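Here is a brief report on a single chain. It starts with one backbone oddity and then moves to the fold and two helices.

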Amino acid sequence: LEALPGRPRADWPALAARLAPMAAPDLLAEAAGVLDDPALAALFAADALAEVDVAAPLDALGGRRVLGRIDRLLVAPDRVLAVDFKSNRVVPPAPEATPEAVLRQMGAYAAALAAIWPGRRVETAILWTRAGSLMTLPPALTAAALARAGAA
């Protein structure tokens with residue numbers, strides 16, 4: 001999903017084989033399913049940022065600095081959307097069933113992005129690649145997970 005967008009489709013099999021020789025056919029099919037979904041097209045548009053490093057001290061963590069890499073970042077005048085790709089075999093049926101570590105990660109991203117772009121609505125989502133589905137995470141859910149991390 002990082003390497004294929006923007007490349008000619010005819011080059012995808014060879015590129016997939018170089019990146020993941022043992023699993024190329026399966027991974028290519030999964031990636032193609034995601035990239036071909038019109039509902040997900042904005043995530044792979046030319047103006048979407050890929051593999052964005054973020055670092056910020058977070059109040060919720062007592063000022064400790066977090067470092068992360070956001071798979072896809074969409075920045076608009078009124079909002080910022082951070083999307084992380086997850087290839088879990090089992091996709092949670094609802095945001096509340098998302099693993100705690102993922103919720104904490106997305107809470108940290110949201111807090112860092114809010115500091116970087118004050119005044120913009122910050123949203124987070126997970127792209128479950130196996131299912132090809134985008135799950136928006138409620139801000140209160142990720143903020144609560146980040147607070148639990150800070151209390152630990």
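## A strand residue with an unusual phi

Glu-51 counts as partly exposed because its relative accessibility is 31%; partly exposed lies between buried, under 20% relative accessible area, and exposed, over 50% (1.4 Å probe, protein chains only). Glu-51 sits in strand β1. Its phi is positive, about 55 degrees, although Glu-51 is not a glycine. Most residues other than glycine have a negative phi.

The model is predicted: local features need pLDDT of at least 70, side-chain atom pairs count only at pLDDT 80 or more, and totals for chains, interfaces and linings use all residues. Residues are numbered from 1 along each chain as its sequence is written, and side-chain values use heavy atoms, with hydrogens and water left out.

## The chain as a whole

The chain has 4 helices and 5 strands. These are DSSP runs numbered from the N terminus: helices are H or I of at least four residues, strands E of at least two. Their order along the sequence is α-α-β-β-β-α-β-β-α. The radius of gyration is 16 Å, close to the 15 Å that the globule rule gives for 152 residues, so the chain is as compact as a globular protein of that length. That radius is taken over C-alpha atoms, and the rule is 2.2 Å times the number of residues to the power 0.38.

The C-alpha atoms fill a box of roughly 50 × 35 × 25 Å along the principal axes. Buried residues make up 41% of the 152 residues. Of the contacts (heavy atoms within 4.5 Å) between residues at least 6 apart in sequence, 61% join residues at least 24 apart.

## Two helices

The expected span of a helix is 1.5 Å times one less than its number of residues.

| Helix | Residues | Length | C-alpha end to end | Expected span |
|---|---|---|---|---|
| α2 | 24–35 | 12 residues | 16 Å | 16 Å |
| α3 | 100–116 | 17 residues | 24 Å | 24 Å |

What covers the buried residues of α2? The cover includes α1 (12–19) and β4 (121–128). Those buried residues are Ala-24, Leu-28, Glu-30, Ala-31, Ala-32, Val-34 and Leu-35. Glu-30 is thus among the buried residues of α2.

In α3, the buried residues include Val-102, Leu-103, Met-106, Tyr-109 and Leu-113. Gly-107, Ala-108, Ala-110 and Ala-112 are buried there too. Cover for α3 includes β1 (49–57), β2 (65–75), β3 (79–86), β4, β5 (133–137) and α4 (139–151). Strand β1, which holds Glu-51, is therefore part of the cover of α3.
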